[in-house]
Amino acid sequence: MYRKKLFGYRIIKCIILKEKCVKMAEVFSEWLEKLKSKVDISEVVSSYVHLEEKGSRKWACCPFHHEKTPSFCVHSQTQTYYCFGCHVGGDVITFVQEIEHTDFMGAVKILADKYHVEIPDFSKRDGNSALKKHKDKLYEMMRETANYFHLNLMGDAGKPAREYLLKRGISAQTARIFGLGYSIGKQQLVAYLISKGYTKEEMQEAGLTDMSQNGSCIDTMAGRLIVPIINNLKQVIAFGGRVLDDSKPKYKNTRETILFNKSKEIFGQHSVKRLKLEEPVNELIMVEGYMDVISLFQSGVRNAIASMGTALTVEQSKLIKRYVNKVIICYDGDSAGQKATMRGLDILYAEGLDVRVVSLPDNLDPDEYVRKYGKDSYLKLLVEAKPLFEHKLNVIASKYDMSSPQEKGKYAVEAMNTIKVLEDPAMIEAYIGYVSKQTGLSIETLKQQFDQSETPVIQIAKPENNVSMTAFDRAVRYVLYGLFGGVENAKCDCDLSQYITDANQKSLYDLYRAKKDSGLNTLEELMKEEENNIEVRPVLDEGSKIGDEIANTYFDDCVKKIIKEGDKKRKRALTKAIDSEQDEEARYIMISQLAQTKKQ
Ligand SMILES: [Zn+2]
């Protein structure tokens with residue numbers, strides 16, 4: 001009885017939620033159109049790269065791949081961009097997403113901010129915009145604090161901290177790039193911020209101050225060298241502080257606040273972002289602390305990042321995946337470092353990243369190593385970084401005495417459990433062979449052990465290029481074939497870009513959209529292009545499978561299939577994302593998108 005009542009209540013709640021969502025979706029899409037009408041894509045793009053006008057378009061060297069002659073163009077009329085080199089393209093939102101390494105909502109927020117358009121309130125609570133204003137004020141206070149600390153460092157009072165940096169080989173230029181600073185004492189920052197109109201409550205809330213026993217408000221970082229922690233929107237969200245002598249604790253971070261959730265942040269993001277504008281960045285080096293990042297930067301290794309002293313989280317892994325597909329872990333050589341390595345690895349691997357591990361000799365940390373042996377020697381170590389599972393097996397093996405048959409057996413059991421998470425049969429076989437070599441046990445015995453091993457808790461994402469051809473992919477290919485002139489009079493009025501998820505297929509589709517009126521190259525012509533899209537050949541192959549007599553009917557069927565299947569795929573992905581999203585505002589946006597999909 002109770003259950004039935006509860007069930008009915010749920011249905012009513014769902015209906016209410018659904019109606020609310022549909023309404024919100026309408027408000028949101030109206031608002032988004034308003035935002036887009038204010039934004040000029042050339043203006044946005046030119047704040048990142050230099051655009052030159054030629055004919056109806058503006059050209060630049062592509063910010064997404066490395067090149068010397070411009071093949072990246074912006075079309076003002078359609079408000080789109082396209083790169084003829086790496087075939088990326090889209091509208092202003094996708095551009096900001098790509099260049100700022102953020103998601104859809106992140107890009108929308110950046111644009112809304114830039115064009116002073118207020119984001120409508122999608123939260124249950126009415127106080128949301130008030131909360132945003134409040135947070136903005138705290139961000140501003142953090143920025144002023146960072147400036148204040150930096151001026152301290154560069155001024156007369158900063159001498160002890162400057163001497164410390166000198167000792168660590170950090171130049172004034174590097175200090176400027178990372179915005180390093182110095183806190184002179186317990187009271188100065190508080191007095192400064194009060195003179196700027198901030199309250200002690202605000203300082204306390206942003207984690208800048210501690211309450212002393214007699215109730216006075218003191219600078220948390222007093223006497224420390226300051227490292228500002230900056231998020232991917234270039235906002236100062238927290239500070240790290242290091243003592244100048246050997247007192248403890250050596251490092252201290254701002255406590256968690258409404259601005260700073262350390263499990264979601266990565267140190268060094270904004271310098272990596274800047275680097276990506278200058279040169280291609282294919283891999284990131286994950287180190288333990290921010291001083292390692294700064295020290296590596298100083299020696300010319302500019303692609304290092306650090307977590308904030310905790311084990312890596314899923315959110316951080318997702319963040320890394322937005323920048324690169326490969327990450328090299330380079331933690332301290334001590335055992336604590338190794339344990340942290342092991343934990344972090346699984347999470348990164350589960351995100352589909354190619355994970356490698358480097359072990360530094362003599363228990364050195366990256367900072368010490370690079371100062372002792374130099375950049376080139378460090379880079380050489382990185383090249384030799386071991387693939388994740390090889391490293392894992394080696395670490396496990398080091399716990400056992402391989403000369404004892406019993407220990408050897410125990411190792412084999414643990415090793416087989418470890419590789420059980422792998423899904424690729426070839427990889428499994430390779431690692432069984434590896435363990436066989438290490439132990440001298442036969443491959444058959446190890447295989448038996450492997451089959452008996454427990455199923456792992458952690459789920460490993462399959463590498464993307466291994467995904468088998470689905471009916472959906474085939475439909476997309478045929479539609480592309482048709483649109484590029486393969487099917488006579490093939491026409492598709494609706495925009496399919498929201499359904500196509502494969503990057504190569506999408507770039508072909510975008511190319512079609514960008515050039516359909518101004519003259520489209522045939523697929524055969526595209527094949528001859530220097531850096532052609534690897535999807536062109538399969539598209540041609542798919543086209544050749546269908547006879548002319550049914551081509552038009554088949555084409556229309558494929559379009560229908562893409563829309564139907566694509567909607568299902570999007571709904572599934574959205575439902576999954578809504579489930580795991582923590583941020584309430586982002587959740588509501590997704591709920592409204594889901595509602596919109598359902599309405600369509
Ligand atoms: Zn490009």
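In this predicted model, cysteine 62 is buried, with a relative accessible area of 6%. Cysteine 86 counts as partly exposed, at 27% relative accessibility. Both residues serve the zinc ion. Its coordinating atoms are Cys62 (SG), His65 (ND1), Cys83 (SG) and Cys86 (SG), at 2.0 to 2.3 Å. Along the chain, the donors follow the spacing C-x2-H-x17-C-x2-C. Cysteine 62 sits in the loop between strand E2 (57–60) and strand E3 (72–75), and cysteine 86 in the loop between strand E4 (80–83) and strand E5 (89–91), so the pair ties together parts that are 24 residues apart in sequence. The 4 donor atoms subtend angles of 104 to 118° around the zinc ion, which makes the arrangement tetrahedral. The ideal angle for four tetrahedral donors is 109.5 degrees.

An open sheet is built from 4 strands in the order E6-E9-E10-E11, with antiparallel pairing. Strand E6 (181–182) and strand E11 (251–253) stand at the edges; each has a single partner strand, so one side of each is left without a neighbour in the sheet. Helix H6 (residues 159–167) packs on the sheet and touches E6, strand E9 (225–230) and E10. The direction of H6 makes about 75° with that of E9. Strand E10 (residues 236–242) pairs with E11 in the antiparallel sense over 3 bridges. Glycine 241 has lysine 252, in E11, as its bridge partner.

Confidence varies along the chain. The protein averages a pLDDT of 83, and 86% of the residues score at least 70. Over residues 1–5 the pLDDT is below 50, and this stretch has 0 contacts beyond near neighbours in sequence. Residues 459–468 also have a pLDDT below 50. That stretch has 10 contacts beyond near neighbours in sequence.

Note on methods
Residues numbered from 1 in each chain as written. Predicted model: local features only at pLDDT ≥ 70, side-chain atom pairs only at ≥ 80, totals over all residues. Heavy atoms only, no water. Pairing = 2+ DSSP bridges. Helix = DSSP H or I, 4+ residues; strand = E, 2+ residues; numbered from the N terminus. Contact = heavy atoms within 4.5 Å. Axes fitted to C-alpha atoms, helices over the stretch in contact; angles between N-to-C directions. pLDDT = per-residue confidence, 0-100. Donors = N, O, S within 2.8 Å, 3.2 Å for Na, K, Ca; no water. Tetrahedral: all angles 85-135°; square planar, octahedral: opposite > 155°, others 65-115°. Buried < 20%, exposed > 50% of the residue type's maximum accessible area, 1.4 Å probe, protein only.
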